[in-house]
2 protein chains.
Amino acid sequence: MVPDRERFEDGEAREGPILTVPHSSEKILESAESLFAASGYSGVGMRQLAVAVGLSKSSLFHHFPTKRELYAAVLDRALERMEEGLVPECEDGADPSTRLDRWIASIVGVLAEDAPMARLMMRALVDEEPFPALALDGSGREPMAFEVRLARILDRFRALLEAGIADGSFRPVSIGDAIQSTIGALVFHFASGDLGEALIGEPIFSRAAVSRRRREVSEFIRRGLVA
Amino acid sequence: MVPDRERFEDGEAREGPILTVPHSSEKILESAESLFAASGYSGVGMRQLAVAVGLSKSSLFHHFPTKRELYAAVLDRALERMEEGLVPECEDGADPSTRLDRWIASIVGVLAEDAPMARLMMRALVDEEPFPALALDGSGREPMAFEVRLARILDRFRALLEAGIADGSFRPVSIGDAIQSTIGALVFHFASGDLGEALIGEPIFSRAAVSRRRREVSEFIRRGLVA
DNA sequence: GTCTATACGATGATAGAC
DNA sequence: GTCTATCATCGTATAGAC
């Protein structure tokens with residue numbers, strides 16, 4: 001019940017030397033990511049995280065000065081993986097419709113192989129704070145790393161939609177609304193846990209569910225966008 | 001800085017009789033709903049809520065025995081409004097395509113006129129806990145009121161999709177996936193706050209943004225589903 | 001870099017007066 | 001039904017030894 005390493009704070013149950021293993025910040029970020037994904041920013045305590053990663057609270061604060069900076073680092077790390085999974089698909093000169101298909105397949109791939117990702121993203125986007133304006137100007141605040149990354153990703157998708165509308169392969173949709181609909185359709189499913197499992201009848205990260213999802217959401221979005 | 005009513009616990013700053021106004025549970029639920037929508041379950045404290053509603057913590061615990069039960073009541077109350085906004089559209093004998101349009105318009109109407117709703121729903125659906133299985137069987141747990149309500153709403157939408165597929169007006173989609181895509185496209189936008197505003201260039205609850213959203217998401221989903 | 005120990009406000013919840 | 005007072009626990013964070 002009581003976390004192992006926390007008992008020592010009370011001065012009781014001290015028994016012997018504890019094997020000290022070197023811990024990198026990466027291990028902290030990895031544990032933090034799954035905890036934040038599962039319970040949200042305020043649902044995770046530094047004590048809890050310390051136990052999960054096998055360190056004391058104080059050591060966590062050595063690696064990251066505040067909880068918020070740790071959270072920002074977690075978000076940035078996740079978006080970095082997302083960006084990496086997306087880059088190769090967007091740079092060649094294929095037609096917009098083909099690039100859209102690749103884009104959707106890449107996103108589904110990242111979300112499906114990286115279970116905490118969708119939940120983490122969904123929470124970050126629904127939480128008000130981190131995105132006072134994606135515009136990055138006007139508000140006196142300096143943008144955080146993961147905001148810049150998100151803006152880059154969305155700008156690339158925006159450019160793809162604009163190219164498709166310009167050459168007539170996509171309908172003349174409201175681009176902002178189209179991006180919102182696409183994000184919602186893509187990300188929500190992989191963030192929906194038990195509800196998703198109840199709706200499709202099997203775990204959402206199972207192989208069958210993922211390959212079906214790829215087909216279904218790809219066709220859904222494609223039909224929503226193409227002329 | 002320090003909450004007004006909480007100061008008295010310290011035994012200081014006691015000045016005079018405080019006007020006691022009768023408070024109904026409804027007022028608590030209303031305040032709690034906007035707070036939970038803004039900050040999530042663990043992001044809201046009973047103290048904070050007590051200040052917002054103008055009561056002491058203890059009075060809150062008189063109305064609701066635990067924070068979780070208060071949260072469950074908030075979710076149920078919100079889903080109740082959602083259900084009310086949906087009922088008239090689903091019961092007549094129109095063809096599936098027409099009913100789908102009405103369905104989408106109703107959901108957008110509820111989400112747009114009820115600002116905390118989308119965020120509250122999104123958080124509830126992404127949080128693991130409250131939905132161990134929408135099936136309501138198998139798990140030894142008794143279903144909560146809002147789970148029953150959600151299951152009813154989703155079952156009605158499922159029936160609409162099945163009817164449309166059966167009579168050939170909809171494509172033979174995977175129904176679970178189609179529901180997930182539809183929820184994502186509909187709800188995420190109104191839960192996305194600053195990101196949504198940055199993407200569409202104006203507040204998401206402004207009149208212009210709402211009416212555009214209704215057109216855009218309706219066409220997006222319709223094209224994704226109809227044959 | 002890791003630990004123990006501590007600081008202090010906030011947390012959900014309870015007891016009991018009015 | 002409302003309040004004051006109190007509780008043990010947890011919240012983030014810091015100080016300083018090794």
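Modeller: Here a salt bridge is a side-chain nitrogen of Lys or Arg within 4 Å of a carboxyl oxygen of Asp or Glu. This is a predicted model, in which local features need pLDDT of at least 70 and side-chain atom pairs count only at pLDDT 80 or more, while totals for chains, interfaces and linings use all residues. Residues are numbered from 1 along each chain as its sequence is written, chains are lettered from A and ligands numbered from 1 in the order in which they are written, and side-chain values use heavy atoms, with hydrogens and water left out.

Colleague: Thanks! Which residue forms a salt bridge with B:Arg223?

Modeller: Look in helix 10 of chain B, where the two partners are four residues apart and therefore separated by about one helical turn. Helices are DSSP runs (H or I, at least four residues), numbered from the N terminus. With the closest N and O atoms 2.8 Å apart, the partner of B:Arg223 is B:Glu219.

Colleague: And how far apart along the chain are B:Arg77 and B:Glu26?

Modeller: Their side chains meet in a salt bridge at 2.6 Å, N to O. B:Arg77 sits in helix 4 (residues 67–90) of chain B and B:Glu26 in helix 1 (residues 25–39), so to speak distant parts of the chain, and the separation is 51 residues.

Colleague: Is B:Arg77 buried or exposed?

Modeller: Buried means under 20% relative accessible area, exposed over 50%, and partly exposed in between (1.4 Å probe, protein chains only). Its partner B:Glu26, at 42%, counts as partly exposed. B:Arg77 has a relative accessible area of 14%, so the word for this residue is buried.

Colleague: What is the area buried between chain B and chain A?

Modeller: Buried area is the accessible area (1.4 Å probe) that two parts lose on being put together, summed over both. Contact means heavy atoms within 4.5 Å, and 50 residues of chain B are in contact with 50 of chain A. Carbon and sulfur atoms give 57% of the buried area, which comes to about 4500 Å².

Colleague: Which helix of chain B supplies the largest share of the side that touches chain A?

Modeller: The rule finds eight salt bridges across this interface. Helices 6 (115–126), 7 (145–166), 8 (175–191), 9 (193–200) and 10 (207–225) of chain B each supply at least two residues of that side. The largest share, 12 residues, comes from helix 8.

Colleague: Which residue of chain B meets A:Asp127 in a salt bridge?

Modeller: A:Asp127 is buried, with a relative accessible area of 18%, and its partner is buried too, at 11%. The side chains meet at 2.7 Å, N to O, and the partner is B:Arg123.

Colleague: Why does that pair join two chains?

Modeller: The salt bridge is the one between A:Asp127 and B:Arg123. A:Asp127 lies in the loop between helix 6 (115–126) and helix 7 (145–166) of chain A, so the pair joins two chains because B:Arg123 is in helix 6 of chain B.

Colleague: Which residue of chain B comes closest to the rotation axis?

Modeller: Copies are superposed by least squares on the C-alpha atoms of residues with pLDDT of at least 70 in both. Chain B can be laid on chain A with an RMSD of 0.1 Å by a turn of 180° and a shift of 0.0 Å along the axis. The two copies are thus related as by a two-fold rotation axis. At 2.0 Å (C-alpha), the residue of chain B that comes closest to the axis is B:Gly184.
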